[in-house]
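Q: Please take me closely through one helix of this structure, and explain what a bend in a helix is before you use the word. After that, I would like to see how the rest of the structure is laid out around that starting point.

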Amino acid sequence: MRTRAGSAVVIVAAAVGGLVFVVPVAGLVWRAPWWGLWASLSSSAAREALRLSVVCSLWATAVCVMVGLPLAWVLARVPFPGRRLVRALVLVPLVLPPVVGGVALLLAFGRRGLAGVYLDRWFGITLPFTTAGSALAEAFVALPFLVLTAESAFRSADRRLEEAARTLGAGPWTVFRRVTLPLAAPALGAGAVLAWARALGEFGATITFAGNSPGRTTTIPIQVYLLLESGDVSGAIALSLVLLGVAVAVLAVLRDRWVGGWSSSP
Amino acid sequence: MSLVASVRLQRGTLALDVSLSVESGTTVAVVGPNGAGKTTLLRALAGLEPVDDGSSVSLDGVVLDGTPAERRPIGVVFQDYLLFPHLSALDNVAFGLRARGMRRAGARAEAAAWLGRVGLAEEMDMRPSQLSGGQAQRVAVARALAGSPRLLLLDEPLSALDATTRPALRRELRRHLAESTAARVLVTHDPVEAAGLADRLVVVEDGRVVQSGTPAEISQRPRSRYVADLVGVNLYRGRADGNERVSVGDGFSLVTTGAATGEVFAVVHPRAVTLHLSEPEGTARNSWPAVVAGVDHEGDRVRVTATAATSTSTSIVAEVTPAAVRELRLAEGSAVWVSVKATEVAVYPA
């Protein structure tokens, strides 16, 4: 009897857990102003936010790939003292509250920040409250997704294939370009998609570091927040549906990697 | 002399110290039990394994010490082939040609010619995952040979194949090897493969060479338990008294026909061993009571292991027919008499 009661408790708890995921999405879809959707999305403010989100998130992803791939490679393949520490530091943006990340970025790259002083003095570059700043904030929070996936791909790659390539006359760069990279490509693609999705949805760090100026730093999540604040619920829902659609699409693309389990991926 | 190598290295419990020389156009098979260091030796020759001081590898008079793998004129057929899974058979074979500087079109044309030579003209565009084991092996051979290496290294090139395709691929591999002028080192634990593909054998045990010579020399005069088991003969080590008698320890001795003295090996072929139910009255000068310790059927022959009744540390394998096993009612624990003619005991210095 006790075990039966126990399993009933587990099933109820599991059902509640499942509902936690389902109910908010259902609410969003249920309240969606389907008829006015197109009108909401084609307003100039919404179009600006959409455009800006695409631009910033793609730049952020590009930055992540450019600095994240080499970092992942080094972490996976080059033993150096303090490697574990660096690996832990890469995780910081993942666990840090985004707002705190934004504050940290301000202190680092703000006009009088640690590095910002020199960016301003030497190159005349100011990052806070600019589109580039938005992209930087997004890259900051998205980077761990790329580095973690890429590092695991580089680490689990079959090193013997690289040795086989060497016996065929391929130097280190050729081995990387023609063997390691193509073999890791599916995992790297998944990492880039994850990083992009994270960048696209970023709110806290962006609004803290880059603020909210329409056409320059007001990305979709910030616009959703502004619309809700100003009472335009259906406008907020319309943009939210866009982000929900992207999330579903990302899930569909990466389905095999998650549902199939990481262990079976190359 | 093409390859002259002396490899010394330490990996965990393995201490490898092997010297090897291979003429151009000939094949040396490195045989030995698992863990003897055969694959490590091959990797060291390829430049994939760092070696200790005192090692040296020279090929056609060029010293290769310190030369990274990608700049050695080598070709390697790996045990599980290690074909690039993301490239077609054609691009696998073209890989080395392109990496060594050939243009794409030329490399692909030459790779296609190589695939034609190994009988895979139809399979050029297939990925490794679509190829059968035998086809993958051929691609691996073509890939290794395509760069016209001066040193060809083969690590158990046939072991991943099933028994039905192995003989045909062994003959085919033999033909491709014969066409190459490279010095060839073949690692294997299969005596058939070694004898079928190699001109000379080098037996490595525990990281050291214990014997080398032609396959015939080695099977006639094995110098270790491993080699004796490999070629399937009875090997004893003992002292010859110069008077046609070799004592192999534990009070057991064999009568021979030679006048050897000192430490010797004595070899008895299992086919020369006769089993009887009672004490034989023939002319064989060696006979002793024994107990059957094992009966192993191998095709149409049966290998019977018999332990001497007076010396349980001495056993001998007799090869008999299944009919004889029935007639003598041989089973584990049966009491038998063993006889061996003195002329069938080959003795040579240890």
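A: The bend at a residue is the angle between two axes, one fitted to the seven residues that end there and the other to the seven that start there. With that meaning in hand, and keeping in mind that this is a predicted model, we can turn to helix α3 of chain A, which bends by about 35 degrees at A:Gly68. A proline, A:Pro70, follows within four residues of that glycine.

How far apart are the end C-alpha atoms of α3(A), and what span should its residues cover? The helix takes in residues 44-77 of chain A, which is 34 residues, and at 1.5 Å a residue these should span 50 Å. The expected span is 1.5 Å times one less than the number of residues, and the end C-alpha atoms of α3(A) are 48 Å apart, so the expectation and the model agree.

The helix belongs to a chain whose secondary structure comes to 13 helices and zero strands, so that, in the terms used for DSSP runs, its pattern along the sequence is written as α repeated from start to end. The C-alpha atoms of chain A fill a box of roughly 75 × 65 × 35 Å along the principal axes, and buried residues make up 34% of its 266 residues. Among the contacts in chain A with a separation of 6 or more, 74% are between residues 24 or more positions apart.

Further along chain A there is a backbone detail that deserves a careful look. Most residues other than glycine have a negative phi. A:Phe129, however, has a positive phi of about 60 degrees although it is not a glycine, and this residue lies in the loop between α7 (116-123) and α8 (131-156) of chain A. Is A:Phe129 buried, exposed or partly exposed? A residue counts as buried with 20 or more other C-beta atoms within 10 Å and as exposed with 12 or fewer; A:Phe129 has 17, so it is partly exposed.

Chain B offers a counterpart to examine in the same way. B:Leu82 also has a positive phi, of about 50 degrees, although it is not a glycine, and it is found in the loop between β6 and α2 of chain B. B:Leu82 counts as buried, because it has 23 C-beta neighbours inside 10 Å.

The two elements on either side of that loop bring us to the place where the chains touch. The contact takes 15 residues from chain B and 15 residues from chain A. On the side of chain B that touches chain A, the elements that give two or more residues are β6 (74-77) and α2 (89-99) of chain B, and α2(B) gives the most, with three residues. By kind, the residues on this side of chain B divide into 10 nonpolar, three polar and two charged.

Taken as a whole, chain B has nine helices and 20 strands, and its C-alpha atoms fill a box of roughly 80 × 45 × 35 Å along the principal axes. Of the 350 residues in chain B, 39% are buried, and residues 24 or more positions apart account for 63% of its contacts with a separation of 6 or more.

Some of the strands of chain B form an open sheet of five, in the order β15-β19-β16-β17-β18, with antiparallel pairing. Strands β15 (273-276) and β18 of chain B stand at the edges, each with a single partner strand, so one side of each is left without a neighbour in the sheet. From one strand to the next, the twist averages 45 degrees. Within this sheet, six bridges join β17 (residues 301-308) to β18 (residues 315-320) of chain B, and the two run antiparallel. A hairpin of six residues joins β17(B) to β18(B); B:Thr307 stands opposite B:Ser315 in β18(B), and B:Thr305 stands opposite B:Val317 in β18(B).

A last residue to find in the view is B:Ser159, whose place is in the loop between β7 (151-155) and α5 (166-179) of chain B. With 14 other C-beta atoms within 10 Å, B:Ser159 is partly exposed. Leaving aside its neighbours within four places in sequence, B:Ser159 is in contact with B:Gln79 and B:Asp190. The C-alpha atoms of B:Ser159 and B:Arg303 are separated by 25 Å, and these two residues are 144 residues apart along the chain.

Conventions: Residues numbered from 1 in each chain as written. Chains lettered and ligands numbered in written order. Predicted model: local features only at pLDDT ≥ 70, side-chain atom pairs only at ≥ 80, totals over all residues. Contact = placed C-beta atoms within 7 Å. Nonpolar A, V, L, I, M, F, W, Y, C, P; charged D, E, K, R; others polar. Pairing = 2+ DSSP bridges. Axes fitted to C-alpha atoms, helices over the stretch in contact; angles between N-to-C directions.
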